Amino acid sequence: MNMDKILEIKNLVIEGQIGDRWKPIVKGVDLHLHKGEVLGLIGESGAGKSTIGLASMGFTRQGCRIASGSIIFDGQQLFGASEDFLRTVRGARIAYVAQSAAASFNPAHRLIKQYAEGPVQHGLMGSSEAEQKAVEIYKRLLLPDPEKIGYRFPHQVSGGQLQRAMVAMAMSCQPDIIVFDEPTTALDVTTQIEVLAAIKEITRQFQTAALYITHDLAVVAQMADRIMVLRYGEMVEENETAKLLSDPQKQYTRDLLSVRTLKEDKDLSATEKNVILGIENVSASYTGEAKVLKNIDLKIRRGRTVALVGESGSGKSTLARVITGLLPPMEGRIVFNSAELPPALKSRNRDNLRQLQMIYQMPDTALNPKQKIKKILGRPLKFYFGMNKRERNYRVKELLEQIELPKNFINRYPTELSGGEKQRICIARALAAKPELIICDEVTSALDQLVAEGILELLQDLQNELHVSYLFITHDLATVKAIADDIVVMLNGRIVEQGVKQEVLKPPYHEYTEVLLSSVPEMDPGWLDQLLLTRQNTAATVTVEP
C-alpha cells in the first residue's frame, strides 16, 4: 500500500441548526487516509459518520455548516475553498456512493448516460469514449450483459445491479477517494456479497482510497484496513481492523461487537391445537397470470416466532399481503383460529382485523408526522374498543410503559423521536389492538445494530408476557438466529425448506439455505476473500465435470 496521505482532517467541528441556534454535531474529529487505503467509519445513527464523509468533499447537508478545522485533500485546503475549485474536486477526484441507489439515479435517463455525465462535464473525455469505459467498468463489476445493461433505465435493473452501477458511476473519473455511505444496508445477504466483492475488487485494481461508512462491523471487517469508531460526533477509538476486532479497548466498541446475542430456549413440540394461522396451498399473482407465490403451505403456532427468509423478490412481502387480505390469493385458503379468513381485506370483520396486526419496515413512513403519539396510539383503541378520551389516554400510557418509553412521550410528534423510538411506537400501535399474530416486515433493517438489538429484546419480552405470535420477515440471518423458533426459507415464490430453527440451521442444508447462510458476513477480515475463493473453486469444479 502506498502510504502517502491523500486526505488529512484535523480538529473538525461541524454544527447543525436547531431553530435559530447552532449546535456541534461533530466535535473535533481527526482523520487521515493514505492512497489506496480503506478506512471504515462505524457507529450508531447520529454518530456523525455520513456528516464526516460528506465533509471530506468540503460539503455539508442543508442545516449543517463546517465551523472550524482543516480538511486537506492532496495538499489543498477544502474548508473555505471556492465553490468553483470544489466543483473540480467533487465527482472527479472525490466521489460519493449513496445508501439508496434507487433514490440517487435520475429515473428519466439511461444508466450509461448518467455514467458518462461526470467525465464529460469534467472535460476528461468525450461521451463516446466515456460509454466505452462504462462497458469496461461494468465488466469488472460483473454486471450481466455489460455491453447492453447501460442502455436500461434505473427501474429496469435489480437493486444489487443498480448499486453496482452507482459504484461504476463513482469510478467514472477514476477518483483518488470514494466515500461509500452504507452502500449495502438495504440489500439482502446474497446481493450484498456481490456488491461488497465488486467494491473490494475495484478499489484494489485502481488503488482507490475509500471511506467506508456503515453500522455493520462484520461488513466493515471485510472492507477496511483501519476502523474508526464514532459516537455522538466524537472518536471512541481507532485501530487496524484485525487489532480492533480482536482487542477492542473501549466498552462501547465491545458492545457493538457483541450484538445479536439473544438466545432463548422454548418448548417447540408441535401440536395442531396450537396452530393460530394455517396457509393451505396458496398461490397468488399481481397480474392474474404469472404466479409470484406457488403452492405455499405454512403453519404459525401460538406464542412462537416464524422467521420468513429469502432474497429480494422471493415472495416474502407478497405472502404478508396475502395474509393481511391486501392481495387475495388465486387459489388456496388462509385459516385463522380454526376459521377460514375471507380472502379480501374489505370482506373481513373488525375482529379479523384486530387479531392480525402488522409492523412495517420504515417507521418514518408508517407514522403520520402531523399527529401526536396519543392520537396515533389512540386511534386503534377507539376503533376496536370504543374507548373514550380518558380511557384512551390511560391505556396509551400503559402501552408506552410496555414498550419502555416515558409516559410524557404521549404529547410528542414522531419527528421528535429517534428511529428506534419511532419503531417502538409502531410496535405499541400494533399491541393496542390486542392481536394474536403480528407480522413484522423487516422491522430492524433500517436501524443500527444496538438499537435493533433493543427492538428484538422488546419483541421477545412482549411475546413472553402476552403469548403473541410473530411472522418475522427478514433478510438478516443474524436476526433469525437470535429470535426465531421456526424458519421458512423462500426462493422464487416457493418454500424450499421449513422447520424448527435447530433443524434448518443444522447440516446438511438445502442448497439455497447453504448459500444464504454462507453469505452472512463474519467478524473475520479474511472471510469475504475466503468465501469468494471457495465459490470460485466450486464453480471451476462444476465446470470441468463431464
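These exercises work through a predicted model, each with a stepwise solution.

**Exercise 1. The mixed sheet**

Task: State the strand order of the six-stranded open sheet, and say which strands stand at its edges.

Solution:
- Step 1. The order is β6-β7-β8-β3-β9-β10, with mixed pairing.
- Step 2. The edge strands are β6 (94-97) and β10. Each has a single partner strand, so one side of each lacks a neighbour in the sheet.
- Step 3. From one strand to the next, the twist averages 15°.
- Step 4. At one edge, β6 pairs with β7 (residues 177-181) in the parallel sense, over four bridges. Ile-94 has Ile-177 of β7 as its bridge partner.
- Step 5. Helix α7 packs on the sheet and touches β6 and β7. The direction of α7 makes about 170° with that of β6.

**Exercise 2. The β9-β10 hairpin**

Task: Describe how β9 and β10 pair, then characterise Tyr-232 between them.

Solution:
- Step 1. Strands β9 (residues 226-231) and β10 (residues 234-240) run antiparallel and are joined by six bridges.
- Step 2. Within this pair, Met-228 stands opposite Glu-238 of β10.
- Step 3. Two residues lie between the strands of the hairpin. Tyr-232 is placed in this loop.
- Step 4. The phi of Tyr-232 is positive, about 50°, although the residue is not a glycine.
- Step 5. Tyr-232 has a relative accessible area of 51%. The cut-off for exposed is over 50%, so Tyr-232 is exposed.

Task: Where does Asn-337 lie, and what is its accessibility class?

Solution:
- Step 1. Asn-337 sits in the loop between β14 (331-336) and β15 (339-340).
- Step 2. Asn-337 is not a glycine, yet its phi is positive, about 50°.
- Step 3. The relative accessibility of Asn-337 is 27%, so this residue counts as partly exposed.

**Exercise 3. Two nonpolar cores**

Task: Identify the residues that touch the most other members of the largest nonpolar core, and the helix that gives the largest share.

Solution:
- Step 1. This core holds 50 residues. Tyr-138, Phe-180, Tyr-212 and Ile-227 touch the most other members.
- Step 2. Helix α7 (residues 159-171) supplies the largest share, seven residues.
- Step 3. Take Phe-180. Beyond four places in sequence, its contacts are Val-97, Val-167, Ile-199, Thr-203, Ala-210, Leu-211, Tyr-212 and Ile-213.
- Step 4. A second core is separate and has 38 residues, among them Ile-359, Ile-373, Ile-425 and Leu-459.

**Exercise 4. Cysteines**

Task: How many disulfides does the model contain, and why is Cys-426 not bonded to Cys-440?

Solution:
- Step 1. A disulfide needs two cysteine sulfur atoms within 2.5 Å.
- Step 2. The closest cysteine sulfur to that of Cys-426 is in Cys-440, 11 Å away, which is too far for a bond.
- Step 3. The count for the model is zero disulfides.
- Step 4. Now check burial. Cys-426 is buried, at 3% relative accessible area. Cys-173 also counts as buried, at 11% relative accessibility.

**Exercise 5. Buried polar side chains**

Task: Which backbone atoms does the side chain of Ser-285 reach?

Solution:
- Step 1. Locate Ser-285: it is in the loop between β11 (275-284) and β12 (293-301).
- Step 2. Ser-285 has 8% relative accessible area and is therefore buried.
- Step 3. Its side chain reaches the backbone nitrogen of Gly-288 at 2.8 Å. A polar atom of that side chain also lies 2.8 Å from the backbone oxygen of Ala-290.
- Step 4. Leaving aside neighbours within four places in sequence, the contacts of Ser-285 are Ala-290, Lys-291, Val-292, Leu-327 and Met-330.

Task: Is Thr-190 buried or exposed, and what does it touch?

Solution:
- Step 1. Thr-190 belongs to helix α8 (residues 189-206).
- Step 2. Buried means under 20%. Thr-190 has 12%, so it is buried.
- Step 3. Not counting residues up to four places away, Thr-190 touches Glu-311, Val-515, Leu-516 and Ser-519.

**Exercise 6. A covered helix and a cis bond**

Task: How many residues of α12 are buried, and what follows the helix?

Solution:
- Step 1. Helix α12 spans residues 316-324, and seven of its nine residues are buried.
- Step 2. The buried ones are Lys-316, Thr-318, Leu-319, Ala-320, Val-322, Ile-323 and Thr-324.
- Step 3. Gly-325 follows α12, with a positive phi near 90°.

Task: Describe the peptide bond between Pro-507 and Pro-508.

Solution:
- Step 1. The bond is cis, with omega about -5°.
- Step 2. Pro-508 lies in the loop between α20 (501-504) and α21 (511-518).

How values were computed:
Residues are numbered from 1 along each chain as its sequence is written. This is a predicted model: local features need pLDDT of at least 70, side-chain atom pairs count only at pLDDT 80 or more; totals for chains, interfaces and linings use all residues. Side-chain values use heavy atoms; hydrogens and water are left out. Buried means under 20% relative accessible area, exposed over 50%, partly exposed in between (1.4 Å probe, protein chains only). A polar contact is a pair of N or O atoms within 3.5 Å; within protein, one must be able to donate a hydrogen and the other to accept it, and residues adjacent in sequence count only if both atoms are side-chain atoms. Contact means heavy atoms within 4.5 Å. Two strands pair if DSSP finds at least two bridges between them. A nonpolar core is a set of buried Ala, Val, Leu, Ile, Met, Phe, Trp, Tyr and Cys residues joined through side-chain atoms within 4.5 Å. Axes are lines fitted to C-alpha atoms, for helices over the stretch in contact, and angles run from 0 to 180 degrees between N-to-C directions.
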